[in-house]
Amino acid sequence: VDADVPRFIEDMSSHPESGVTDRYRRLGLSRRKGTHLKRLLITEGLAREIHVPLPGGRVTLLEPTADGLASIGHSRPDPRSGGVVHRFWMSRVSRALAARGMEVEFEVPAGNGQAIDIMGTGESGKTAIEIEVSGRRLKDSIEKLARTDAFRRVVACASSGMVDRARKAVEEMDPTSLVEIEVVHVWALIAAREKETAKRRK
């Protein structure tokens, strides 16, 4: 067995949000060696490849399978933490918030044993964000946001289709509720920071 295989799987487990380019760089692997290991792990059923579309391109994520985790003595991750795509977007959004000078917290308790994905605190107050990829817990996400005391509450969706579903779900909330919940594409939270940075550079 290639000595780099356990290291590679460990890195997938520790840094699920990383694209392959960042992963190869962190592990000190050439693109050729990294691609070889990636294909080997996929062929052996130790990892799966996931492509996430981005404006102007895509990022390739790798997720260890149950067999892959078992090979390094790890158990399955807690399903409440979400899959690699969910964690990828959590990472990207949190970096964008931090770049705006906000203090960022993850998995902030929201009652009933639940937690808000991201809570950003800035000069205007708190912004509570739930990342939605599959929509399996969409109702729970909306209910959690409604319970928070955040100044801004946001459902950030990973696709246009999810945006439509989330908007419909928000519209179906209790009409007597005075809570306002925004629904946006997750990229809008990141692009806002990129536009801000571009203006400063001009």
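Reader: Is the crossing of α1 and α2 left-handed or right-handed?
Author: In this predicted model, helix α1 covers residues 4-14 and helix α2 covers residues 20-27. The two helices pack against each other with their axes 11 Å apart. Their crossing is right-handed.

Reader: At what angle do α1 and α2 pack, and are they oblique or roughly antiparallel?
Author: Roughly antiparallel would need an angle over 145 degrees, and roughly perpendicular one of 65 to 115. The pair falls in neither range, and α1 and α2 are therefore oblique to each other. The packing angle is about 125 degrees.

Reader: Which residues make the contact between α1 and α2, and how do they divide by class?
Author: From α1 the contact takes R7, F8, D11 and M12, and from α2 it takes R23, Y24, R26 and L27. No polar residue takes part. The division is 4 nonpolar and 4 charged.

Reader: Which residue forms a salt bridge with R23, and which helices does the pair tie together?
Author: The closest N and O atoms of this salt bridge are 2.6 Å apart. R23 lies in helix α2 and its partner in helix α1, so the bridge ties together parts that are 12 residues apart in sequence. The partner of R23 is D11.

Reader: Are R23 and D11 buried or exposed?
Author: The cut-off for buried is under 20% relative accessible area. R23 has a relative accessible area of 0%, and D11 has a relative accessibility of 7%. R23 is buried, and D11 also counts as buried.

Reader: At what angle do the axes of α1 and α3 cross?
Author: The axes of α1 and α3 come within 11 Å. The crossing angle makes α1 roughly perpendicular to α3. That angle is roughly 80 degrees.

Reader: Which residues of α1 and α3 meet, and what are their classes?
Author: On the α1 side the residues are D4, V5, F8, I9 and M12. On the α3 side they are K33, G34, L37, K38, L40 and L41. By class, the contact of α1 with α3 has 7 nonpolar, 1 polar and 3 charged residues.

Reader: Which residue meets K38 in a salt bridge, and where are the two placed?
Author: The N to O distance in this bridge is 2.9 Å. K38 sits in helix α3 (residues 31-43) and its partner in strand β1 (residues 47-54), 11 residues apart. K38 is buried at a relative accessible area of 14%, whereas the partner is partly exposed at 33%. The partner of K38 is E49.

Reader: Which residue forms a salt bridge with E63, and which strands do the two lie in?
Author: E63 lies in strand β2 (residues 57-64) and its partner in strand β1, so the pair ties together parts that are 15 residues apart in sequence. E63 counts as buried at 17% relative accessibility, while the partner is partly exposed at 39%. The closest N and O atoms are 3.2 Å apart, and the partner of E63 is R48.

Reader: How many salt bridges does a search of the whole structure find?
Author: The bridge of R23 with D11, that of K38 with E49 and that of E63 with R48 are described above. The search of the whole structure finds 9 salt bridges.

Reader: Where does E107 lie, and what is its phi?
Author: Most residues other than glycine have a negative phi. E107 is not a glycine, yet its phi is positive. The residue is partly exposed, at a relative accessible area of 37%. E107 lies in strand β3 (residues 103-111), and its phi is near 50 degrees.

Reader: What is the phi of N112, and is the residue buried or exposed?
Author: N112 belongs to the loop between β3 and β4 (114-122). With 68% relative accessibility, N112 counts as exposed. Its phi is positive although N112 is not a glycine, at about 55 degrees.

Reader: How far apart are the C-alpha atoms of S160 and H185?
Author: S160 is found in helix α7 (residues 160-171). S160 is exposed, with a relative accessible area of 54%. S160 and H185 are 25 residues apart along the chain, and their C-alpha atoms are separated by 6.7 Å.

Reader: How many helices and strands does the chain have?
Author: The chain has 202 residues, and buried residues make up 44% of them. Among contacts between residues at least 6 apart in sequence, 55% join residues at least 24 apart. There are 8 helices and 7 strands.

How values were computed:
Residues are numbered from 1 along each chain as its sequence is written. This is a predicted model: local features need pLDDT of at least 70, side-chain atom pairs count only at pLDDT 80 or more; totals for chains, interfaces and linings use all residues. Side-chain values use heavy atoms; hydrogens and water are left out. Axes are lines fitted to C-alpha atoms, for helices over the stretch in contact, and angles run from 0 to 180 degrees between N-to-C directions. Helices (H or I, at least four residues) and strands (E, at least two) are DSSP runs, numbered from the N terminus. Angles under 35 degrees count as roughly parallel, over 145 as roughly antiparallel, 65 to 115 as roughly perpendicular and the rest as oblique. A crossing is left-handed if the near helix is turned anticlockwise from the far one by less than a right angle, and right-handed if clockwise. Contact means heavy atoms within 4.5 Å. Ala, Val, Leu, Ile, Met, Phe, Trp, Tyr, Cys and Pro count as nonpolar, Asp, Glu, Lys and Arg as charged, and the others, Gly among them, as polar. A salt bridge is a side-chain nitrogen of Lys or Arg within 4 Å of a carboxyl oxygen of Asp or Glu. Buried means under 20% relative accessible area, exposed over 50%, partly exposed in between (1.4 Å probe, protein chains only).
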